[in-house]
Amino acid sequence: MRSLVLIGHGSHLNGESAVAVYRYAELLRDRGLFDEVIEGYWKEEPSLRQVLKTTASTDVTVIPMFISEGYFTETVIPREMGLGHQGPVPEGGIARVIGGRTVRYTLPYGVHPGMSDVILARAREVLPDANPQDTALIVLGHGTTRNENSNRVIYQNADRLREQGHFAEVHALFLDEDPKVGTWPEVVRAPRVVVVPFFASEGWHTLETIPEDMGLSGVVTDFPDNPHGPQQVYYAKPVGTHAAVADVIVQLAEEAHGAGDQGDHERGHEAAWQAFMDRARRGLRVGEALITPELGVFELRHMLDEGLPGGELTTLVTPEGVRDRVRFTDGGEHRPVHTLRNLPRGWRAVLNEADLRRAVHYLYPAVVEETYAHSCHALRHTPWPTTARRQTGIYAKVQRATPAQVEHVAQDVCSACLRTRLWAGERLLHSFLDGVPGGLPCAEACTYVVAEIREEVSGKRGAGSGHSHDH
């Protein structure tokens with residue numbers, strides 16, 4: 001048995017940030033190559049601190065869904081997941097035994113040699129008859145002066161594609177470092193030019209910055225007066241949204257696993273879900289949700305919608321349908337913390353037993369596993385000072401937060417959450433497994449609280465910037 005975990009950045013503000021990772025997880029799930037595919041995030045749930053608890057296997061492969069190596073793949077993810085590793089990840093990845101699971105952590109998908117094929121596919125998509133006689137290729141990266149690894153993958157792909165001889169010229173250009181993309185008219189000589197953004201997703205840079213810097217007006221733009229004569233530029237979609245990335249992920253996972261043994265069912269995880277299902281078969285309230293067994297299937301709905309006829313509610317029939325419905329409040333706001341008391345109403349899901357488990361995982365990520373562990377006195381909680389000391393980068397300043405500042409944020413944020421703050425010394429005597437719907441443990445301050453405490457220390461909370469750009 002094998003579990004695959006895809007790690008994304010996520011966002012406290014932008015609900016679209018997680019969509020690309022969800023999409024690849026669904027593609028890989030459909031292929032059936034892994035027993036399960038789980039998503040985890042830095043700024044959403046399940047968090048990096050929780051995600052391993054949600055895997056059913058003792059053999060787990062973790063792939064960072066990033067376009068290049070850098071701070072998140074080398075520092076944040078290994079630190080938060082407890083991998084005991086910092087710095088560049090070797091080509092074959094690293095393997096650690098954590099809580100009885102063998103965890104294999106790989107390089108980010110963007111640095112895999114197979115990405116050259118994805119670049120080529122994007123180029124062919126926008127210009128099917130691209131050829132070595134009259135077509136140049138620009139591999140366009142973000143670039144940064146802060147991490148040399150950021151540009152290395154761009155140069156490697158450009159070199160690889162140059163050697164393959166598909167284009168008359170192949171150039172590596174960047175947004176934020178030299179050679180910059182705005183210099184392309186002086187650099188490129190071929191009359192036809194294909195630009196492929198080496199970005200993980202469609203966003204501000206691919207939709208606004210790049211077209212502006214290059215003078216593009218659409219997918220195809222004519223430049224009749226360029227220094228090397230008339231040129232026509234074909235602007236492709238970013239590589240990170242191409243379906244072939246799923247092939248790269250599979251290759252990475254296989255290379256990391258090698259001839260390793262297949263894992264077993266992780267006993268604690270399975271026991272947690274068996275305890276959950278035993279109660280669900282008798283009817284169960286958890287958080288703001290109501291689960292009712294009906295003729296071999298289960299109905300899941302908001303408990304405040306209890307008694308409403310099914311015809312008055314939107315009916316969902318898949319775990320993904322539940323996931324997409326509960327990611328936003330009734331007012332359309334993104335819900336990065338699923339245990340806040342803002343679960344949307346107006347829906348019901350009708351699911352079999354396997355789908356109910358996955359739907360509840362999406363509804364309240366890691367809650368079943370952590371609650372069961374708490375009931376067995378096996379849930380370790382992390383006091384705030386320990387969480388604060390672990391923070392780096394822009395969040396290191398939370399180490400200066402006074403107890404009063406931490407409590408001020410907690411009163412604002414945590415008071416709206418169903419969880420009981422074990423990390424702050426609160427006690428949880430009864431859980432939803434005992435019939436108390438709101439009995440959910442919180443073992444550690446979440447990243448949303450960390451971000452808000454950073455704002456508090458910076459003096460920005462309450463001034464309209466509690467939702468800063470780095471949330």
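## Overall fold

A compact globule of 471 residues would have a radius of gyration near 23 Å; the chain has 24 Å, which agrees. The model is predicted. Its C-alpha trace spans about 75 × 50 × 50 Å along the principal axes.

The chain holds 14 helices and 17 strands. Contacts reach far along the sequence. Of those between residues at least 6 apart, 71% join residues at least 24 apart.

## Surface and charge

Buried residues make up 57% of the 471 in the chain. The accessible surface is about 19,800 Å². Carbon and sulfur atoms account for 52% of that surface.

Charged side chains number 47 positive and 62 negative. The centres of these two sets lie 6 Å apart.

## Nonpolar cores

In soluble globular proteins, nonpolar side chains tend to be buried together. Here the largest nonpolar core has 90 residues. Leu6, Leu137 and Ile249 have the most contacts inside this core. Helix α7, residues 245-257, gives the most to the core: seven residues.

A second core is separate and has 29 residues. Its members include Phe276, Val326, Ala349 and Val367.

## Around Leu137

Which residues are in contact with leucine 137, leaving aside its neighbours within four places in sequence? Ile119 and Ala123 come before Leu137 in the numbering. Leu161, Phe167, Glu169, Val170 and His171 are also in contact with Leu137. Val194 and Val196 complete the set. The contacts of Leu137 thus include Glu169 and His171 along with residues such as Leu161 and Phe167.

Notes
Residues numbered from 1 in each chain as written. Predicted model: local features only at pLDDT ≥ 70, side-chain atom pairs only at ≥ 80, totals over all residues. Heavy atoms only, no water. Helix = DSSP H or I, 4+ residues; strand = E, 2+ residues; numbered from the N terminus. Rg over C-alpha atoms; globule rule 2.2 N^0.38 Å. Buried < 20%, exposed > 50% of the residue type's maximum accessible area, 1.4 Å probe, protein only. Contact = heavy atoms within 4.5 Å. Areas by Shrake-Rupley, 256 points an atom, 1.4 Å probe, with all protein chains shown as cover. Lys, Arg positive; Asp, Glu negative; His and termini not counted. Charge placed at Lys NZ, Arg CZ, Asp CG, Glu CD. Core = buried A, V, L, I, M, F, W, Y, C linked by side-chain atoms within 4.5 Å.
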